[in-house]
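Colleague: I am new to this structure and would like to learn how to read its features one at a time. Could you show me the model, and then explain each idea before applying it?

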Amino acid sequence: MDQPPVLCTFADGVATITLNRPERLNSFIDAMHDAIAAFLDRIEHDPALRVLVLTGAGRAFCAGQDQGDRQPLPAGQKRDMGAALERYYKPLVLRLRALPAPVVCAMNGLAVGVGATLVLACDIVIARSSAYFVQGFTRLGLMPDGGASQFLPQRIGTARALALCMLNERLDAQQAADWGLIWRCVPDEEFDAEAAALVARLAASATRALALTKQAIHAAAGNTLAQQLDLETASQRALGYTDDYLEGASAFREKRSPDFKGR
C-alpha cells in the first residue's frame, strides 16, 4: 500500500511533519503542500502545542520542487514560475514563522533548492554531519526563492550568500554551523538522540515565552530600536501575567526545576 507523501503526528505537545517521499529525496509535490496546510490548520491554534518538528524520511531532507510534478507545456508556451510561490511556498514559510511555538528542523540529509530554504524558515536547525545544502536555483535559470534571498544574507552576510547562490557549491552542515547558518551539526550516530533531547527540552519550556521570544527576534530586522523596545515591553507585560512566569519565579526562589504548563 502506498505511503502518504507527508506523515503528520501530534502527541504530548509535540507535532511532527515528516516529508515522506524518500525515493524522490522528498522533493515537493502539490499533495505535500496540501497535507502540511491541513495539519497546520489543525495544530496552529491548539493550546496543547509546545513544539513543531520538521524532518524527512530516508537519506534526504528535501531535494526541492519535484519538476516531474509539473505537466509539460505545449510548444511555445512559458510557465508562470511565481504561481507555486504564491499558492504554496509563501503561505508555508509565513505560517512557520508565525506559529506560536518553536519550529525545529531535524535536518536528516541533503537540502537543495527550496528544500534548503524550508530548513532556514525554521527557528532552530540541528543537522547530521553528513547533511549538506545546495542552492541550485541558477542551474535552472532561476533565482533563490521561498525567502532564501533574505534568510541567507541575514545569517551569513552578503558575500557568502551571493557566492552560494551564484556558484551553487555544496555547503556541508558543519560549515553551515560554523558560519551561523544553522544551530548545530552533530555526528550521524548521535543525531536521533540529540534531536529528541532538543525537542524534549523545548516542549518542557515556557511555551508562551518561547513564542514571544520568536516573534520579537524575527521582528527585529524590520523595527527601529524604539519599536523593538515597545514590542519587548508589551510582550513582557503579557508574560508577567502567565502561570508559567509565576511557576518560574517560584522555582527560582525554591532552587528547583520549573514545571511549566504552557499557560
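Colleague: Which residues of strand 3 point one way, which point the other way, and are they buried or exposed?

Modeller: Burial is judged by relative accessible area, where buried means under 20%, exposed means over 50%, and partly exposed lies in between, with a 1.4 Å probe and protein chains only. Helices and strands are DSSP runs numbered from the N terminus, with H or I over at least four residues for a helix and E over at least two for a strand. In strand 3, Val 51, Val 53 and Thr 55 point one way while Leu 52, Leu 54 and Gly 56 point the other way, and all are buried. Strand 3 covers residues 51–56, and 6 of its 6 residues are buried.

Colleague: What should I keep in mind about the origin of these values?

Modeller: This is a predicted model, so to speak of local features a pLDDT of at least 70 is needed, side-chain atom pairs count only at pLDDT 80 or more, and totals for chains, interfaces and linings use all residues. Residues are numbered from 1 along each chain as its sequence is written, and side-chain values use heavy atoms, with hydrogens and water left out.

Colleague: Which sheet has 6 strands, and in what order do they stand?

Modeller: Two strands are said to pair if DSSP finds at least two bridges between them. Here an open sheet of 6 strands follows the order 1-2-3-5-7-10, with mixed pairing. Strand 1 and strand 10 (184–186) are the edge strands, each pairing on one side only. On average, neighbouring strands of this sheet are turned by 15° against each other, direction ignored; such angles are taken between N-to-C directions and run from 0 to 180 degrees, with axes being lines fitted to C-alpha atoms, for helices over the stretch in contact.

Colleague: How do strand 1, strand 2 and strand 3 run with respect to one another?

Modeller: Strand 1 (residues 6–11) and strand 2 run antiparallel and are joined by 6 bridges, with Ala 11 standing opposite Val 14 in strand 2. Strand 2 (residues 14–19) is joined to strand 3 by 6 bridges as well, but these two run parallel, and Ala 15 stands opposite Leu 52 in strand 3. Elsewhere in the sheet, strand 5 (residues 103–107) and strand 7 (residues 124–128) pair in the parallel sense over 4 bridges, where Cys 105 has Val 125 in strand 7 as its bridge partner.

Colleague: Where should I look for a positive phi?

Modeller: Most residues other than glycine have a negative phi, and most peptide bonds are trans. In the hairpin of strand 1 and strand 2, which has 2 residues between the strands, Asp 12 takes a positive phi near 55°. Asn 26 has a phi near 60°, and this residue is placed in the loop between strand 2 and helix 1, where Asn 26 is buried with a relative accessible area of 0%. Asn 168 also has a phi near 60°; Asn 168 is found in the loop between helix 5 (158–167) and strand 9, and it is buried at 5%.

Colleague: At what angle do helix 1 and helix 2 pack?

Modeller: Angles under 35 degrees count as roughly parallel, over 145 as roughly antiparallel, 65 to 115 as roughly perpendicular, and the rest as oblique. Helix 1 (residues 30–43) and helix 2 pack at an angle of about 30°, with their axes 11 Å apart, and the two helices are therefore roughly parallel to each other. The contact, meaning heavy atoms within 4.5 Å, involves residues including Ile 36, Ala 37 and Leu 40 of helix 1 and Tyr 88, Tyr 89 and Leu 92 of helix 2.

Colleague: Which side chain does the side chain of Gln 65 make a polar contact with?

Modeller: A polar contact is a pair of N or O atoms within 3.5 Å; within protein, one must be able to donate a hydrogen and the other to accept it, and residues adjacent in sequence count only if both atoms are side-chain atoms. The side chain of Gln 65 makes such a contact with the side chain of Tyr 89 at 2.6 Å, and a polar atom of the Gln 65 side chain lies 3.3 Å from the backbone oxygen of Phe 28. Gln 65 lies in the loop between strand 4 and helix 2 (83–98), and at 16% relative accessibility it counts as buried.
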